Amino acid sequence: MSVAGSGRVAVSFAKVFHLARAYALRRLLHVALATKWLAITTPMAVAVGTFCATFLWLLERATATRESLPWLLFALPVAGGAIGAIYAWVGKPAEGGNNLIVDQIHEPGGGVPLRMAPLIVIATVVTHLFGGSAGRDGTAVQLGGSIASAFAKVLKLGPGDVGVLLTTGIAAGFGAVFGTPVAGAVFALEVLAVGRVQYQALVPCILAAIVGDWTCHA
């Protein structure tokens, strides 16, 4: 083989080596990211699922109590005033509710206060107890978002990771409260993204929704 031919073979081997090396590094990066989000998302989703299970149990007790004591309906205005007073007294900035969480997903800043979780649970349960109308979707979003934000603060995550973790928290909360992990993941990715889907959060959201749902059932 001529010197020129040997040189071309050496160059070809070098290109193949660099391509293989780049491919292996990308795969290792994917494995590292998957391991990272598995370690972060799993305990967060377990915490969200536990809170959601407690919320659903309290909701059942409140509904049963209201049905056995129909006169509670007449105290609904007092209960509503008390909830409003509690939010005015200790709720800020938790009174921002779902809008605060969506803002923090797109532009992470001060975070979501952890007190949003007990406040929304109390407000929803009291509303049901006195015969008011309150859905579970807002509770699911705020439970998941506030607990996920607390995890992000403890772990000192960067702005990009905070947005992903908040999204996975919402998926865990929605999946646990309604028992629909797939819908929870889709809801967190598409509905709250307002036209900007975070595809990097796809696998963490599915994982969080499933773990949250299983924990709530357990």
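Me: What percentage of the 218 residues of the chain count as buried?
Reply: This is a predicted model. Buried here means under 20% relative accessible area. Of the 218 residues of the chain, the share that counts as buried is 41%.

Me: How many helices and how many strands are there in the chain?
Reply: Read along the sequence, the pattern is α-α-α-α-α-α-α-α. The count for the chain is therefore eight helices and zero strands.

Me: Among contacts between residues at least 6 apart in sequence, what percentage join residues at least 24 apart?
Reply: The contacts considered are those in the chain between residues at least 6 apart in sequence. Of these, the portion that joins residues at least 24 apart is 74%.

Me: Which residues meet in a salt bridge, and how many residues apart in sequence are the parts the pair ties together?
Reply: The structure holds one salt bridge. Its side chains belong to Lys36 and Asp161, at 2.7 Å from N to O. Lys36 lies in helix 1 (residues 3–68) and Asp161 in helix 6, so the pair, Lys36 and Asp161, ties together parts whose separation in sequence is 125 residues.

Me: Are Lys36 and Asp161 buried, partly exposed or exposed?
Reply: Buried requires under 20% relative accessible area and exposed over 50%. Lys36 has 30% relative accessibility, so Lys36 falls in between. Asp161, at 23%, also counts as partly exposed. The class for Lys36 and for Asp161 is partly exposed.

Me: Is helix 4 roughly parallel or roughly antiparallel to helix 5?
Reply: Helix 4 (residues 116–129) and helix 5 (residues 137–155) pack at an angle of about 160°, with their axes 8 Å apart. Angles over 145 degrees count as roughly antiparallel. That makes the relation of helix 4 to helix 5 roughly antiparallel.

Me: How many nonpolar, polar and charged residues does the contact of helix 4 with helix 5 have?
Reply: Helix 4 passes helix 5 in a left-handed crossing. Helix 4 contributes Met116, Ala117, Ile120, Val121 and Thr124, while helix 5 contributes Gly138, Thr139, Gln142, Leu143 and Ser146. By class, this contact has five nonpolar, five polar and no charged residues.

Me: Why are helix 5 and helix 6 classed as oblique to each other, and what is the angle?
Reply: Angles over 145 degrees would count as roughly antiparallel, and 65 to 115 as roughly perpendicular. The axes of helix 5 and helix 6 are 7 Å apart, and their angle falls in neither range, so the two are oblique. The angle is about 140°.

Me: How many nonpolar, polar and charged residues does the contact of helix 5 with helix 6 have?
Reply: The crossing of helix 5 and helix 6 is right-handed. Among the residues that meet are Asp137, Ala140 and Ser149 in helix 5 and Leu166, Gly173 and Phe178 in helix 6. By class, the contact has 12 nonpolar, five polar and one charged residues.

Me: Which residues does Ser149 touch, not counting residues up to four places away in sequence?
Reply: Ser149 lies in helix 5. With a relative accessible area of 3%, Ser149 is buried. Its contacts are Gly111, Val112 and Leu166.

Me: What distance separates the C-alpha atoms of Gly173 and Gly212?
Reply: Gly173 is found in helix 6 (residues 159–178) and is buried, at 0% relative accessible area. Leaving aside neighbours within four places in sequence, Gly173 is in contact with Val48, Cys52 and Ala140. Gly212 is 39 residues from Gly173 along the chain, and their C-alpha atoms are separated by 6.7 Å.

Key
Residues are numbered from 1 along each chain as its sequence is written. This is a predicted model: local features need pLDDT of at least 70, side-chain atom pairs count only at pLDDT 80 or more; totals for chains, interfaces and linings use all residues. Side-chain values use heavy atoms; hydrogens and water are left out. Helices (H or I, at least four residues) and strands (E, at least two) are DSSP runs, numbered from the N terminus. Buried means under 20% relative accessible area, exposed over 50%, partly exposed in between (1.4 Å probe, protein chains only). Contact means heavy atoms within 4.5 Å. Axes are lines fitted to C-alpha atoms, for helices over the stretch in contact, and angles run from 0 to 180 degrees between N-to-C directions. Angles under 35 degrees count as roughly parallel, over 145 as roughly antiparallel, 65 to 115 as roughly perpendicular and the rest as oblique. A crossing is left-handed if the near helix is turned anticlockwise from the far one by less than a right angle, and right-handed if clockwise. Ala, Val, Leu, Ile, Met, Phe, Trp, Tyr, Cys and Pro count as nonpolar, Asp, Glu, Lys and Arg as charged, and the others, Gly among them, as polar. A salt bridge is a side-chain nitrogen of Lys or Arg within 4 Å of a carboxyl oxygen of Asp or Glu.
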